[in-house]
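Here's a walk through one multi-chain model, from helix packing to the places where chains meet. Have the sequence and the 3D view open as you read.

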4 protein chains.
Amino acid sequence: MTWMIDGVELQSRLLSGSGKFGSASLMRAALEASGTEIVTLALKRIEHDMQSDDMLSATADLPLHLLPNTSGAKDAKEAIFAAQLGRELLQTNWVKLEIHPDPRHLLPDPVETLLAAEQLVKQGFTVLPYCHADPVLCKRLQEVGCAAVMPLGSPIGSNQGLQTRDFLQIIIEQASVPVIVDAGIGAPSHAAEAMELGADAVLVNTAIASSGNPVVMARAFAQAVSAGRQAFEAGLAGRHNGASASSPLTAFLE
Amino acid sequence: MTWMIDGVELQSRLLSGSGKFGSASLMRAALEASGTEIVTLALKRIEHDMQSDDMLSATADLPLHLLPNTSGAKDAKEAIFAAQLGRELLQTNWVKLEIHPDPRHLLPDPVETLLAAEQLVKQGFTVLPYCHADPVLCKRLQEVGCAAVMPLGSPIGSNQGLQTRDFLQIIIEQASVPVIVDAGIGAPSHAAEAMELGADAVLVNTAIASSGNPVVMARAFAQAVSAGRQAFEAGLAGRHNGASASSPLTAFLE
Amino acid sequence: MTWMIDGVELQSRLLSGSGKFGSASLMRAALEASGTEIVTLALKRIEHDMQSDDMLSATADLPLHLLPNTSGAKDAKEAIFAAQLGRELLQTNWVKLEIHPDPRHLLPDPVETLLAAEQLVKQGFTVLPYCHADPVLCKRLQEVGCAAVMPLGSPIGSNQGLQTRDFLQIIIEQASVPVIVDAGIGAPSHAAEAMELGADAVLVNTAIASSGNPVVMARAFAQAVSAGRQAFEAGLAGRHNGASASSPLTAFLE
Amino acid sequence: MTWMIDGVELQSRLLSGSGKFGSASLMRAALEASGTEIVTLALKRIEHDMQSDDMLSATADLPLHLLPNTSGAKDAKEAIFAAQLGRELLQTNWVKLEIHPDPRHLLPDPVETLLAAEQLVKQGFTVLPYCHADPVLCKRLQEVGCAAVMPLGSPIGSNQGLQTRDFLQIIIEQASVPVIVDAGIGAPSHAAEAMELGADAVLVNTAIASSGNPVVMARAFAQAVSAGRQAFEAGLAGRHNGASASSPLTAFLE
């Protein structure tokens with residue numbers, strides 16, 4: 001039931017973000033409730049003054065793997081620079097590679113992402129790229145040595161769920177590295193659906209942090225991820241069009 | 001967090017069926033794993049020889065409310081007769097009213113269902129009618145005194161999930177009795193989605209009983225129902241079209 | 001390629017409404033562009049002073065079958081009264097039976113609709129009932145002698161298309177009278193989809209009348225209905241999950 | 001109402017393929033019925049013996065722009081070679097760039113496609129690349145000088161329609177070159193939907209060629225494309241959740 005990234009064994013299949021929480025203490029409480037073992041954070045938030053960083057100090061004693069992300073990078077060069085910065089500041093080789101030249105939809109650039117991934121792998125990073133749900137691109141990212149792929153369900157922060165469901169299915173079938181569905185997961189049912197498809201994990205940020213009650217919502221996502229994974233392992237019955245009686249139908253009044 | 005039917009307080013929001021299991025012991029194990037407190041069973045299966053009924057003997061010591069159903073009834077008259085039979089045999093006033101003249105799609109008859117519901121309420125039954133996701137019908141069933149309404153997500157046994165989602169939403173908004181989504185729930189994500197909409201409970205049978213591992217699947221559904229309910233209570237963030245960054249976007253390289 | 005209602009042969013499979021147009025002349029132009037042969041109108045609009053009714057005078061010379069509707073009726077009694085009124089005023093036995101007790105969602109009442117339909121048939125009306133996409137109800141409406149059934153795609157005026165698609169499919173399979181999809185058709189693609197499923201016709205009002213250019217939109221709907229019908233008759237290829245090359249794939253460079 | 005590719009004015013917004021038809025004469029009849037002005041054909045089919053090529057001889061007198069495609073190419077190098085071959089054989093600078101390394105799902109490679117597009121533009125080709133519905137990629141293809149972009153609706157030959165609808169919407173908003181939706185369009189309603197979104201054109205092959213009656217189906221698609229375009233130009237009313245009466249609701253019986 002466990003899974004691995006870069007040789008690290010993990011219990012939780014729910015990755016969390018650290019943005020948008022009302023306060024550092026609320027973030028800490030939600031992260032604890034979520035059971036997450038990997039939390040992503042934007043490099044820009046920590047670079048200026050690490051000592052004062054609320055996020056880091058609030059969670060320093062939790063058993064978390066920090067996953068710095070390159071959010072804000074517009075091309076491979078900026079992302080590589082950010083990744084190097086993150087490695088120095090946080091003492092980790094892990095990096096979530098995000099390159100989105102488009103400030104409105106925050107959609108990732110496939111070409112720059114592949115280019116940066118290849119370079120970063122060569123520089124010894126454990127690279128987890130955020131990317132479109134493009135099966136060919138995911139395969140290439142895997143081939144250049146990425147430790148996982150992180151295809152999107154729908155645009156970041158849109159809460160629209162798995163609009164890319166059929167492409168995620170193909171990505172999962174082809175993958176030899178973990179598939180972590182990122183972006184667009186707005187409800188526990190979306191997270192469960194991704195796990196039922198066979199995804200290895202999901203990353204959730206907005207839907208927890210922006211909820212009316214982030215701690216309860218974090219717990220709800222943790223349960224949904226567990227539910228979806230168990231369903232995948234137990235084997236879901238297929239969908240079909242006709243009805244099929246749960247109860248025998250022979251007329252009981254004869 | 002609890003809910004009630006007919007003055008009975010319930011913890012679990014997952015109702016189970018008793019059909020299609022490979023054996024009585026498997027059914028028992030799945031029911032225990034599901035945490036369900038209400039299990040429905042077809043009257044025809046028990047009428048001939050109650051002593052030998054595997055289902056009843058296998059679960060006699062579990063803390064379950066039995067909910068006999070009138071599956072197989074083709075009109076109000078047959079359903080009323082079956083309900084009366086169930087009351088005598090199982091010593092319960094509760095009845096899940098199912099009237100489906102159509103053996104292929106097993107879809108419920110709105111007119112006969114309303115007619116039978118009205119009569120059964122007058123005869124002192126606690127009536128839970130299975131019905132189309134028709135908001136006007138659900139309101140009328142409520143008005144004649146039904147203890148809950150059980151609108152369908154999609155055809156029985158189809159595992160297609162909440163095809164009637166927008167109509168369920170209206171039903172839930174209008175209801176003053178519990179809304180239990182019945183039929184079509186084929187995966188934990190579907191159950192979570194129903195709860196996120198604000199349904200009070202779901203009934204699942206085929207998806208658990210026909211799974212490769214009914215015990216694990218039962219547990220998965222229990223978690224998904226709990227997850228969906230908590231998300232509803234915590235307050236889901238809305239869906240929208242544009243993207244919205246989880247992480248600040250100010251260029252960090254300036 | 002023609003179809004029939006009550007022995008009347010019809011070329012056009014697009015029925016139109018007469019509400020919500022900016023002016024009577026715009027309505028007339030849109031009706032002409034649509035090619036429609038049946039136009040529905042609310043009885044309440046004409047009752048007070050028929051002579052002055054813009055709608056009727058504007059279209060008096062067009063070859064249209066008027067289909068008075070009972071919109072606004074809250075139960076069978078009101079609907080029957082309205083139908084009788086319509087017969088007197090408009091000299092037609094045709095009536096679109098609409099009973100919606102709920103002023104917010106305007107969803108039809110299945111029980112009152114069946115009751116009124118039965119009575120109106122006995123009184124010699126040609127009854128076209130608006131109803132939920134409930135296959136059992138549609139069958140019963142057909143059995144009491146309705147000339148067609150008019151199941152909804154989604155709530156009136158919502159423009160959400162065929163949310164009830166799978167139930168419409170069952171209704172069409174079972175029907176021995178024409179199936180006219182009513183309500184929710186917000187775009188030509190929705191109308192085409194209904195026809196591709198095998199519906200006999202569609203009724204469109206809001207999407208044409210509220211368009212920026214009702215005349216062009218009416219023409220668009222007419223083409224889409226024709227396209228969908230031809231596709232149904234020619235036979236659509238099935239959907240499937242794997243890809244399938246349109247062009248041969250043998251490597252051409254060897 | 002016309003549109004342009006590379007300075008060529010076009011009336012028809014339906015592009016056709018030439019594969020999968022039962023015979024050359026059937027293909028010719030379907031192409032005529034479709035009104036298409038651009039027909040794509042696989043280079044490999046013509047290279048060995050152009051004289052005997054049925055497709056070309058059957059349509060030589062029709063007013064068609066031939067659009068050779070590089071289907072079968074696995075990388076940029078193969079695609080460029082194929083494009084050059086096509087230019088020589090067919091005396092056209094136009095090329096539909098298709099690079100799909102994956103023989104099962106036939107999904108396009110974003111990196112090789114961008115690479116090849118850039119080269120081919122430099123070599124004077126008018127490049128129309130087939131690509132994933134990836135807004136960032138489409139923008140980059142446009143920036144290197146492609147004459148149009150051809151994002152997919154769903155996998156080639158799957159007939160599943162616009163699974164990528166929300167991403168197509170973004171692509172269309174951003175595009176300064178024509179957007180032609182390619183792949184997955186399995187019914188006239190899908191084609192109409194693409195046009196309603198604002199796509200400039202669609203390419204259809206399998207759904208016409210594999211239909212029970214390709215000629216009728218070709219005509220149906222032509223009408224649907226026209227319907228969808230007119231609806232886009234007239235302005236579709238928005239979708240919303242509540243109902244909205246087409247007819248006035250004031251009780252008429254008072």
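In chain B, the buried residues of helix α7 pack against α6 (135–143), β8 (150–151), β9 (180–182) and α8 (188–197). Contact here means heavy atoms within 4.5 Å. The residues in question are B:Phe167, B:Leu168, B:Ile170, B:Ile171 and B:Ile172, and the helix itself covers residues 165–174. Buried means under 20% relative accessible area, exposed means over 50%, and partly exposed is in between (1.4 Å probe, protein chains only). Helices (H or I, at least four residues) and strands (E, at least two) are DSSP runs, numbered from the N terminus.

Keep in mind that this is a predicted model: local features need pLDDT of at least 70, side-chain atom pairs count only at pLDDT 80 or more, and totals for chains, interfaces and linings use all residues. Residues are numbered from 1 along each chain as its sequence is written, chains are lettered from A and ligands numbered from 1 in the order in which they are written, and side-chain values use heavy atoms, with hydrogens and water left out.

**Chain A on its own**

Chain A has 10 helices and 10 strands. Of its 254 residues, 63% are buried. If you take contacts between residues at least 6 apart in sequence, 65% of them join residues at least 24 apart. The accessible surface is about 8,500 Å², with 48% belonging to carbon and sulfur atoms; that comes from the Shrake-Rupley method with a 1.4 Å probe, and for residues only the protein chains shown count as cover.

Helix α7 of chain A (residues 165–174) has A:Phe167, A:Leu168, A:Ile170, A:Ile171 and A:Ile172 as its buried residues. These pack against α6, β8, β9 and α8 of chain A.

**Where A meets D**

How much area is buried between chain A and chain D? About 2,200 Å², with carbon and sulfur atoms giving 63%. Buried area is the accessible area (1.4 Å probe) that two parts lose on being put together, summed over both. On the chain A side, A:His132, A:Val136 and A:Phe167 lose the most, together 25% of what that side buries.

The contact takes 28 residues from chain A and 28 residues from chain D. Between these two chains there are six salt bridges, a salt bridge being a side-chain nitrogen of Lys or Arg within 4 Å of a carboxyl oxygen of Asp or Glu. There are also 10 residue pairs in polar contact across the interface, both residues at pLDDT 80 or more. A polar contact is a pair of N or O atoms within 3.5 Å; within protein, one must be able to donate a hydrogen and the other to accept it, and residues adjacent in sequence count only if both atoms are side-chain atoms.

Helices α5 (110–122), α6 and α7 of chain A each supply at least two residues to the side that touches chain D. The most come from α7(A), with five residues.

**Some salt bridges**

Over all chains, the count comes to 36 salt bridges. Here are a few of them.

| Pair | Closest N to O |
|---|---|
| A:Glu173 and D:Arg104 | 3.4 Å |
| D:Glu173 and A:Arg104 | 3.4 Å |
| D:Arg140 and A:Glu112 | 3.2 Å |
| C:Glu98 and C:Lys96 | 3.3 Å |

D:Glu173 sits in helix α7 of chain D and A:Arg104 in the loop between β6 (94–97) and α5 of chain A, so this pair joins two chains. D:Glu173 is partly exposed at 44% relative accessible area, and A:Arg104 is exposed at 53%.

For the D:Arg140 pair, D:Arg140 is partly exposed at 22%, while A:Glu112 is buried at 14%. Within chain C, C:Glu98 is buried at 4% and C:Lys96 is buried at 5%. Back in chain A, A:Arg28, A:Glu32 and A:Asp61 are linked in a network of salt bridges.

**Two spots in chain C**

Is C:His132 buried or exposed? It counts as buried, because its relative accessibility is 2%. C:His132 lies in the loop between β7 (126–131) and α6 of chain C. Its side chain reaches the backbone oxygen of B:Ala133 at 3.4 Å. Leaving out residues up to four places away in sequence, C:His132 touches residues including B:His132, B:Asp134, B:Phe167, C:Pro108 and C:Cys138.

C:Gly228 lies in helix α10 (residues 214–234) and is buried at 0% relative accessibility. Beyond its neighbours within four places in sequence, C:Gly228 contacts C:Ala192, C:Met195 and C:Glu196. C:Gly228 and C:His190 are 38 residues apart in sequence and 9.5 Å apart in space, C-alpha to C-alpha.
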